[in-house]
Amino acid sequence: MPTVAPLDLEGHCVAAVFLGDVPHFALADGTVHRLDHGHKTVQANDGLLAAFHNVANDRLITGGEDGKVFAITAGGEAAELASAGKKWITSVAAGPQGAIAFASGKTAYVRFADGKTREFVHPRSVEGLAFSPKGMRFGVARYNGATLHFPAAEGKPVELEWAGAHTGITFSPDGAFLVTTMQENALHGWKLADGKHMRMSGYPGKVKSLSWSAKGKWLASSGAPAAIVWPFSSKDGPMGKAPLELGTRGNAMVTSVACHPSQDVVAIGYDDGMVMAVRFADAKEVLLRRPGKGAITSMMWDRQERRVVFGSAAGDCGVIDISA
């Protein structure tokens, strides 16, 4: 049976991640807690609104109500990377070559590793940001679709239109597909080679968490009483195919998903604090954590694939050791 090392904090956990091998918990008040030979904290933003785990640089990028963007590293250092004055930073992302993106209102900013920054103004507010895994390109989720920019080059952006409010955005690991979460309970996707649309609807709730499987063949999502896992292994993605429904529970909604680093397994967090791991091939379930306080808001596996860090909307956080 997996063992759980709990960490009871005050407030909403925006991000629970491993930096190095150290569990970090970023809370909405801007404090970042870590379990590093004891419980330690560092202050980042004054009011945290957005966080992004920058895998390549092993750091957590945060943005907040103070208009600042910070990078938190494994030793617990918080370094300010950028500022947008008194405007709220509502979305952050990290890309190749040390670049980061952040958004405030209708403007998306890209800060390159050398400190240079470019602004990209949109007609409506920027709701989500993501970098493509291939090349220096980033996507913006907006009202009525998504916009693709090439920040290192001049030229017009690519506009991908689909009616409705798009709130979050992700590229597939191979860069072939772009998927957005929507205000209406649905996902929308584009095949970037030809602009073909993919509608992924039927969710009873809003999709707030997405996670790609190790090789990018599956996209797991929250927003239903099960983790809805769409197949992306064929050249047209999930078009005409039914998703897997994993970890179905009749009385709880899935609020967070985190795919395993190397296997077709997903950790599923629910609105009652329960965490389960489920295998894609046969839907075999392993209970990782019994229900607790608050909906699970964030989860991540460690590099050794033995532990899962989690946080909840009520500050009910901790680390699950699967090898125990």
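Let me start with a pairing. Strand β24, residues 254–259, is joined to β25 by five bridges, and the two run antiparallel. Keep in mind that this is a predicted model. V254 stands opposite Y270 in β25. A hairpin makes the link from β24 to β25, through five residues.

Stay with β25 for a moment. On its other pairing, β25 meets strand β26, residues 275–279. That pairing is antiparallel too, over five bridges. Look for V266: its bridge partner in β26 is V278. The hairpin of β25 and β26 has four residues between the strands. In that hairpin, G273 takes a positive phi near 90°.

How many of the six residues of β25 are buried? Six of the six, across residues 265–270, so the strand is largely enclosed by the rest of the structure. Now the two faces. In a regular strand, side chains alternate between the two faces of the sheet. In β25, one side carries V265, A267 and G269. The other side carries V266, I268 and Y270. All of these are buried, and both faces of β25 are covered.

Next, an open sheet. It has four strands, in the order β10-β11-β12-β13, and the pairing is antiparallel. Which strands sit at the edges? β10, residues 91–94, and β13, residues 117–121; each pairs on one side only. Neighbouring strands here are turned by 20° against each other on average, ignoring direction.

Inside that sheet, take β11, residues 100–104, and β12, residues 107–111. Five bridges hold this antiparallel pair. One position to find on screen is F102, whose bridge partner in β12 is Y109.

F102 brings me to L129, because the two are in contact. L129 lies in strand β14, residues 128–131. Is L129 buried or exposed? Its relative accessible area is 6%, and buried means under 20%, so L129 is buried. What does L129 touch, leaving out residues up to four places away in sequence? The list includes S91, V92 and A93. It also includes A101, F102, A103 and A108. Then come F138, G139, V140 and I169. Take A93 as the example of a long reach in sequence: L129 and A93 are 36 residues apart along the chain, yet 5.9 Å apart in space, C-alpha to C-alpha.

There is another open sheet of four strands. Its order is β20-β21-β22-β23, again with antiparallel pairing. β20, residues 210–212, and β23, residues 244–246, stand at the edges. Each has a single partner strand, so one side of each is left without a neighbour in the sheet. On average, neighbouring strands are turned by 25° against each other, direction ignored. Strand β22, residues 227–231, runs antiparallel to β23, and three bridges join them. I228 has its bridge partner in β23, and that partner is E245.

Last topic: backbone angles. N144 is not a glycine, but its phi is positive, near 70°. Where is N144? In strand β15, residues 138–149. N144 counts as partly exposed, at 27% relative accessibility. E305 is not a glycine either, and its phi is positive at about 65°. E305 is found in the loop between β28, residues 296–301, and β29, residues 307–312. With a relative accessible area of 28%, E305 is partly exposed.

Terms used: Residues are numbered from 1 along each chain as its sequence is written. This is a predicted model: local features need pLDDT of at least 70, side-chain atom pairs count only at pLDDT 80 or more; totals for chains, interfaces and linings use all residues. Side-chain values use heavy atoms; hydrogens and water are left out. Two strands pair if DSSP finds at least two bridges between them. Axes are lines fitted to C-alpha atoms, for helices over the stretch in contact, and angles run from 0 to 180 degrees between N-to-C directions. Buried means under 20% relative accessible area, exposed over 50%, partly exposed in between (1.4 Å probe, protein chains only). Contact means heavy atoms within 4.5 Å.
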